[in-house]
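Biologist: I've got a structure open and I'd like to learn how to read it. Where do we start?

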Amino acid sequence: MALLLRFTISCVLLSCHWSWTNAELFTAISDVEPLLETHKRIIDDLDEYILKEEERLNVLKRHLKIYKREHEIAMEDIPNYLGNPINAFTLIKRLTSDLDHIEHSIEIGTDYIKNLTVNHADVKYPTLEDLAGAAQALTRLQETYHLEVSELAEGRLNGVNYSAPMSAGDCYELGKALYNEKDYTNALAWMTEAMRKYKEENQPYLFKELDIMEYIGFSHYLLGDVKSALEWTKKMLSLDPKHERARGNVPHYNKIISEDEEKLRRRRRGDTGKDLEEEITQKPPTLTPYAKERKVYEKLCRGEVELPQEITKTLTCRYLTEAHPFLRLAAVKMEYMYRNPDIVVFYDVLTDQEIDHIKKMAKPRFKRATVHDPKTGELVPAHYRISKSGWLKDEESSIVARVSRRVAHFTGLSMTSAEELQVVNYGIGGHYEPHFDFARKQETAFGKANGNRIATVLFYMSNVAQGGATVFTELGLSVFPVRGAAVYWLNLHPSGEGDLATRHAACPVLTGSKWVCNKWIHQGGQELIHPCNLEYQPESMRRKIPRPIPKSSR
């Protein structure tokens, strides 16, 4: 197809900018914030250009109005604005594909625009990779939280209006990005929405109704619905009888439909040796373990599951005073979220001042978050973890060292073998799929460390308006972020083997910006503090965990 993402932008407008960024802006909301400066520069450039090119005002003013309106709204509350995935996607689109539209609208003046923007050495520009990442984030949110495309396109998340409606152009670019990522199901949904808005808006775009139709038709074909593909192709020919690709596709689709009908007739005649009724009533495929866990994970993210009474009756809140002598003077509020294994939340263990200091230290060090490759033990990026992270050493800051001492106080564990403080900011729709923090027996992730990760302390450095929960898929537990709190659990049995019940995940951030920091504590130094008991628990041991209860069942 000719309707693939064109790289005109990179050749004309953005080639001079791409060297200034390593892309992956979509992996951390904090990296999206500087794009607002780029946004402002584009506004200034267009203002100056319009003064020199009066004959092109009609087209340029339309772009300028959109840019200014969105920028003013963003500047009123930057974290909340960029915490909305629709706004973040739109911002990236404005600075990638929309610049292509501007280029075509001002053909003669593109050199002028380029000469202006090339001198802005401090400006960041997103790439097409960022656009694709933002598009995938929106569909991840759509699938996880059961959001309707029509609702997202109107700027609504779970029934709440968070942003202005998306335009036909926004929906079209989103659908195109998903199509190029071979996500044809979601591409079809967004192209259908683009078609609806295109007819309603009656605005000039670089693309035409035929372009949307072609994406819709070919998406149907790639999804196996040849009859719908044929129907849309015929609609294309009704608008343009000479459309070359449509004319070529019609006989191809007719041939496939005829062959499928012939196969059906043969089955009805019994020529295939199989009973027709047996073929039609085939059992649905059995869900894989991954698919089963995925369903549980998504329900927990949506908050559709609650713990059974067998567990809730054992949960308590209290002040912790006994883990360390200092706690007798400054007790810590704690709440048991689960028992056996114990999942505990400690409240007010990070101050606002500490959070701001840690963020400020971490931002310059941010890199795409990585995971341990189970085969090599090396750290590598992964599509199932969308965030950026940086590491802070105790000796670099008295505040970071204070946080480590506090962890030792409320956990009662030694920090001798603890890792550096890892600070994480999740990106657009940022998430981390179900995983273990400890290394499995067959893995070599911590071969060079002082033992396996015995415990995890996860600090929440921000509240999250919607989404972003930490969920334990084996336990049926959802823990939602509370700024200044920390959730704590042991990853290993007393025997030192991994506890499979601690499998957990970070749900996609639906609205807001999620900041966390992790302190992982290893086995070294815990021999006398947390000794083994008289029973040996193998990693393969499965706890008897009561089944969670769907909230709708009560």
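Modeller: With confidence, since this is a predicted model. The chain averages a pLDDT of 86, and 87% of the residues score at least 70. Residues 1–21 are another story: there the pLDDT is below 50, although the stretch has 53 contacts in the model beyond near neighbours in sequence.

Biologist: How should I read a stretch like that?

Modeller: Where pLDDT is low, don't read the predicted coordinates in detail.

Biologist: Okay, on to the sheet. In what order do the strands run?

Modeller: Go across it: β4-β5-β6-β17-β13-β20-β11-β10-β7, nine strands in an open, antiparallel sheet. At the edges sit β4 (317–320) and β7 (367–368), each with pairing on one side only.

Biologist: What does β4 pair with?

Modeller: With β5 (residues 332–338), antiparallel, over four bridges. Arginine 318 faces methionine 334 of β5 there. Helix α20 (residues 398–411) packs on the sheet, touching several strands, among them β4, β6 and β13, and its direction makes about 120° with that of β13.

Biologist: Which residues does the TPR repeat annotation cover?

Modeller: Residues 210–243, according to an unreviewed UniProt entry. In the model that span is 79% helix and 0% strand, with its end C-alpha atoms 9 Å apart.

Biologist: Last one: is histidine 431 buried or exposed?

Modeller: Buried, because its relative accessibility is 1% and the cut-off is under 20%. Histidine 431 lies in the loop between β11 and β12 (432–435), and its side chain makes a polar contact with the side chain of arginine 140, at 3.4 Å.

How values were computed: Residues are numbered from 1 along each chain as its sequence is written. This is a predicted model: local features need pLDDT of at least 70, side-chain atom pairs count only at pLDDT 80 or more; totals for chains, interfaces and linings use all residues. Side-chain values use heavy atoms; hydrogens and water are left out. Two strands pair if DSSP finds at least two bridges between them. Helices (H or I, at least four residues) and strands (E, at least two) are DSSP runs, numbered from the N terminus. Contact means heavy atoms within 4.5 Å. Axes are lines fitted to C-alpha atoms, for helices over the stretch in contact, and angles run from 0 to 180 degrees between N-to-C directions. UniProt positions are given in the numbering used here, feature names are shortened, and annotations may be inferred rather than shown by experiment. pLDDT is the predictor's confidence in each residue, from 0 to 100. Buried means under 20% relative accessible area, exposed over 50%, partly exposed in between (1.4 Å probe, protein chains only). A polar contact is a pair of N or O atoms within 3.5 Å; within protein, one must be able to donate a hydrogen and the other to accept it, and residues adjacent in sequence count only if both atoms are side-chain atoms.
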